[in-house]
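The following exercises ask the reader to work through selected parts of one structure. Each task is followed by a solution in steps.

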Amino acid sequence: MGEPQRDKLKVESRKCVIVSVIDPLSDQDRDKAFDEMEGLITTAGSEVVGTLMQVRNKPDSATYIGKGKVLELKELIGATGADLIAFDAHLSPSQGKHLEEATKTQVVDRSEIILDIFATHARSHESKLQVELAQLLYLRPRLTRMWTHLERITGGIGSGKGPGEKQLETDRRLVDRRISELKRRLNEVIDRRERQVASRNRHMTVSLVGYTNAGKSTLMNALTGADVYIADKLFATLDTRTRKWTLPNYGSVLLSDTVGFIRNLPHHLVASFKSTLAEARHADLLLHVVDSSHPEAVKQIETVSQVLEEIGVDSDDPILVLNKIDAVEDRAKLDVLRARFPNSVTVSAREKTGFEKLQNAVSQRIADGFLDARVTASAGNGKVFAYLSEHAEVMNTEYEDSSVVYQCRIPRRFALGLTQAGADVMSLDGTPLTLVDEPDEW
């Protein structure tokens, strides 16, 4: 078999063997160790023809798996006719190189597969820029591994740089230049997205977050009548969609669907998708959607919470939405989830059940974040009027001598900005006024 070809990273239409290394102290269910990776491989368009598991305390520094397992892997490749090896881990460039040399078969890791899926599903200009940047950041330290066909003509000691080495340096410069260009363009996108999200301050915003394939898009379609793309695949949608959602006894809010998360999400992707995740960072309320029928539902909840913390979102604040209750076979497991998360709401986006309770929970949470206030300012204080126009709903205005009194409803996080603008603020119902210490800039 010839040397592995690295000119194409697509894993579509390939026969794949999955390799997983599990820590003996881990609580991971070994019977389901390959389930998520098989889902990723299938979504990427390949066929899983074999699996190989190793239980060890620490991955091998050279090949990630031990020498014996490498031999076993070669036998499995020969028996199955596989032309691709997928590791359920993040491999270092040297580990990937050593594995390819030992097996004479292309090796990809978890990051590369996720990047490939993202590249396939990217539709908008923004998401394509984000995916390309993540791919280049991932590939740059692996360029040497992709130029193995030039190793024979690399210059020796005292002979200067050979053609292979010169080509590699040229490629690195080109990659670095493209990375800089993508970062510049994405910074412009991020600034534009931040301004766009900030302009919605006068509207309450709710964002759907959750593990990939938890049913966020289905739920959004059911709640708003939107036409967001739906597929039973991982990372079916990458672009944020925002639609108007009308809540009973409250009014309209803006509901956004965000990209799904996954265990061991590549850091390059998290960094590249900052503009998309801005919706979650700036939302007034998060709905954390969970596939309650999934056997690893609790771990998925923990994974999403970790990613939210990584991007600067308070992971304790979201309303937990236990979705897909129609697919739960053992109702006792659903009862366990409800007991562990007593403030959660159970729904079925597909059957459109449980929506009334969800809408009431959202309306109540939003109402708790508002303050009905009496704001008094001097008639010439234009800052207060401008601030109220941007952040509050003014229900009544009265003029008293040289002062103006506004009766308004304002998010509590903006109330302190009124006092900083020179206004006196009092609660209409006479309850003590509690203001957020760090308001948004006005």
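**Exercise 1: The surroundings of S348**

S348 is in contact with N323, K324, I325, D326, T353 and F355, its neighbours within four places in sequence being left aside. The model in which these contacts occur is a predicted one.

Task: Determine where S348 is placed and whether S348 is buried or exposed.

Solution. Step 1: S348 belongs to the loop that runs between β10 (345–346) and α13 (355–368). Step 2: Its relative accessibility is 1%. Step 3: The cut-off for a buried residue is under 20% relative accessible area. S348 therefore counts as buried.

**Exercise 2: Two packed helices**

Task: State how α14 is oriented relative to α15 and which residues meet.

Solution. Step 1: Helix α14 (residues 382–391) and helix α15 (residues 412–420) pack with their axes 10 Å apart, at an angle of about 170°. Step 2: Angles over 145 degrees count as roughly antiparallel. Hence α14 is roughly antiparallel to α15. Step 3: From α14, the residues V384, Y387, L388 and H391 take part, and they meet F414, G417 and L418 of α15. Step 4: Sorted by class, this contact has five nonpolar and two polar residues, with no charged residues.

**Exercise 3: An open sheet and its helices**

Task: Describe the order of the four strands in the open sheet, and identify the helices that lie across β3.

Solution. Step 1: The strands of this open sheet follow the order β2-β1-β3-β4, and their pairing is parallel. Step 2: β2 (47–55) and β4 (106–109) are the edge strands, each pairing on one side only. Step 3: From one strand to the next, the twist averages 25°. Step 4: Eight bridges connect β1 (residues 15–22) with β2 in the parallel sense. Within this pairing, V17 has G50 of β2 as its bridge partner. Step 5: Helix α1 (residues 35–44) lies across β1, β2 and β3 (84–87), and runs at about 155° to β1. Helix α4 (residues 110–121) lies across β3 and β4, running at about 80° to β4.

**Exercise 4: Helix α11**

Task: Compare the reach of α11 with its expected span, and list its buried residues and what covers them.

Solution. Step 1: α11 (residues 297–310) has 14 residues. Step 2: From first C-alpha to last, α11 reaches 20 Å, close to the 20 Å expected at 1.5 Å a residue. Step 3: Its buried residues are A297, Q300, I301, T303, V304, S305, V307 and L308. Step 4: Their cover includes the strands β5 (205–210), β8 (285–291) and β9 (319–323), together with α12 (331–340). Step 5: After α11 comes G312, with a positive phi near 85°.

**Exercise 5: Strand β7 and its partners**

Task: Explain why β7 is described as largely enclosed, and state how β5 and β6 pair with β7.

Solution. Step 1: β7 (residues 251–257) has seven residues, of which five are buried, so the rest of the structure largely encloses this strand. Step 2: β5 pairs with β7 in the parallel sense over four bridges, and S207 stands opposite S256 in β7. Step 3: β6 (residues 241–247) runs antiparallel to β7, joined by seven bridges. Here R241 stands opposite D257 in β7. Step 4: The hairpin of β6 and β7 has three residues between its strands, and N249 takes a positive phi near 65° in this hairpin.

Terms used:
Residues are numbered from 1 along each chain as its sequence is written. This is a predicted model: local features need pLDDT of at least 70, side-chain atom pairs count only at pLDDT 80 or more; totals for chains, interfaces and linings use all residues. Side-chain values use heavy atoms; hydrogens and water are left out. Buried means under 20% relative accessible area, exposed over 50%, partly exposed in between (1.4 Å probe, protein chains only). Contact means heavy atoms within 4.5 Å. Axes are lines fitted to C-alpha atoms, for helices over the stretch in contact, and angles run from 0 to 180 degrees between N-to-C directions. Angles under 35 degrees count as roughly parallel, over 145 as roughly antiparallel, 65 to 115 as roughly perpendicular and the rest as oblique. Ala, Val, Leu, Ile, Met, Phe, Trp, Tyr, Cys and Pro count as nonpolar, Asp, Glu, Lys and Arg as charged, and the others, Gly among them, as polar. Two strands pair if DSSP finds at least two bridges between them. The expected span of a helix is 1.5 Å times one less than its number of residues.
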